[in-house]
Amino acid sequence: MNARRCLVIAHRGASTYAPENTFAAFDLALNMGVLHIELDVQQSCDGHLVVIHDDKVNRTTNGDGEVAALTLGELQSLDAGAWFNAKFAGERIPTFKALLDRYRGRAHLHVEIKGKTARLSERTVDMIRQHGWAKDVTMTSFQFDKIEALRAYAPELPSGWLLRDIDDTVIPRAHALGLTQLCPKAETVTPALVARLREAGFDVRAWGVANEELMRRMVNAGVDGMTVNFPDKLTALLRESPINIQ
Ligand code: G3P
Ligand code: CA
């Protein structure tokens, strides 16, 4: 029988301790010994792929406006760290290209396609392929049309569908697309759901692990991994268990 494993995925980096989706947060995760990083990709108005979660820059920078309405120069002039803590002042919104260059060979990336930009899935895949990263990525999205685009354009890349609810249509649609991973919201995860999804052939990777109690529930429910803002705490919990950390 195979030993159980659990992926520890730093959600937007180690984002409890450093500003999300910045090199500070990703570096910190790697320094904690974490091998998996989750990040969000969007596109600037002049066609550059950037790493930022919200459609607008307002929450996580000192700027104002839609990511898709700003140029790369405008986006990178913003401070993406001081909002979190003054000691992170000067952090910038990373380009996806710079991130691929910086972490080459050091991490597995869980890349979430965000926003409403047309062909963003394909453009993100192009950059992954150009950088020779195809063996070390898992593609994800909440948006089914973006997942469909990923499967059509890059069937060689593992993809996970982020889900807020799992209804009876999910498993057949996921099978039809050849998905290998389903990503339920942590609050909806039970041991029975994990068993059902696994029996249907999927890895089960949770998201939205808001606190340590929910993190423990995910481990006890038997998930294959989770994104978490405090990956050090998940690592410590797993070290006390027979589960292999990945
Ligand atoms: O693990 C995926 C997770 O990032 C989904 O939620 O809102 O943080 O992008 P969100
Ligand atoms: Ca995300």
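**Chatting about ligand 1 and the calcium ion**

Reader: Hi! Which residues are around ligand 1?

Author: Hello! In this predicted model, the residues around ligand 1 are H11, R12, E38, D40, H53, E112, K114, F142, L162, R205, W207 and T227.

Reader: What classes do the residues of that shell fall into?

Author: The shell around ligand 1 has six charged residues, along with three polar and three nonpolar ones.

Reader: And which strands each supply at least two residues of the shell?

Author: Those are strand 2 (36-43) and strand 8 (203-209).

Reader: Cool. How far is an oxygen atom of ligand 1 from an N or O atom in the side chain of R12?

Author: That distance is 2.6 Å. For the side chain of E38, an N or O atom is 2.8 Å from an oxygen atom of ligand 1, and for the side chain of E112 the value is 2.8 Å.

Reader: How much of ligand 1 does the protein cover?

Author: On its own, ligand 1 has 290 Å² of accessible area, and the protein covers 91% of that. The space that ligand 1 takes is the largest pocket.

Reader: New topic! What are the protein donors of the calcium ion (ligand 2)?

Author: They are E38 (OE), D40 (OD) and E112 (OE), and they lie 2.1 to 2.3 Å from the ion. E38, D40 and E112 also appear among the residues around ligand 1.

Reader: How are the donor residues spaced in sequence?

Author: The pattern is E-x1-D-x71-E. E38 is in strand 2 and E112 is in strand 4 (residues 108-113), so this pair ties together parts that are 74 residues apart in sequence.

Notes: Residues numbered from 1 in each chain as written. Chains lettered and ligands numbered in written order. Predicted model: local features only at pLDDT ≥ 70, side-chain atom pairs only at ≥ 80, totals over all residues. Heavy atoms only, no water. Near = heavy atom within 4 Å. Polar contact = N/O pair within 3.5 Å; in protein donor to acceptor, adjacent residues only side chain to side chain. Areas by Shrake-Rupley, 256 points an atom, 1.4 Å probe, with all protein chains shown as cover. 1 Å grid on protein atoms, 1.4 Å probe; cavity = no way out; pocket = protein on both sides within 12 Å on 5 of 7 lines; lining within 4 Å. Sits in = over half its atoms within 2 Å of the grid points. Helix = DSSP H or I, 4+ residues; strand = E, 2+ residues; numbered from the N terminus. Nonpolar A, V, L, I, M, F, W, Y, C, P; charged D, E, K, R; others polar. Donors = N, O, S within 2.8 Å, 3.2 Å for Na, K, Ca; no water.
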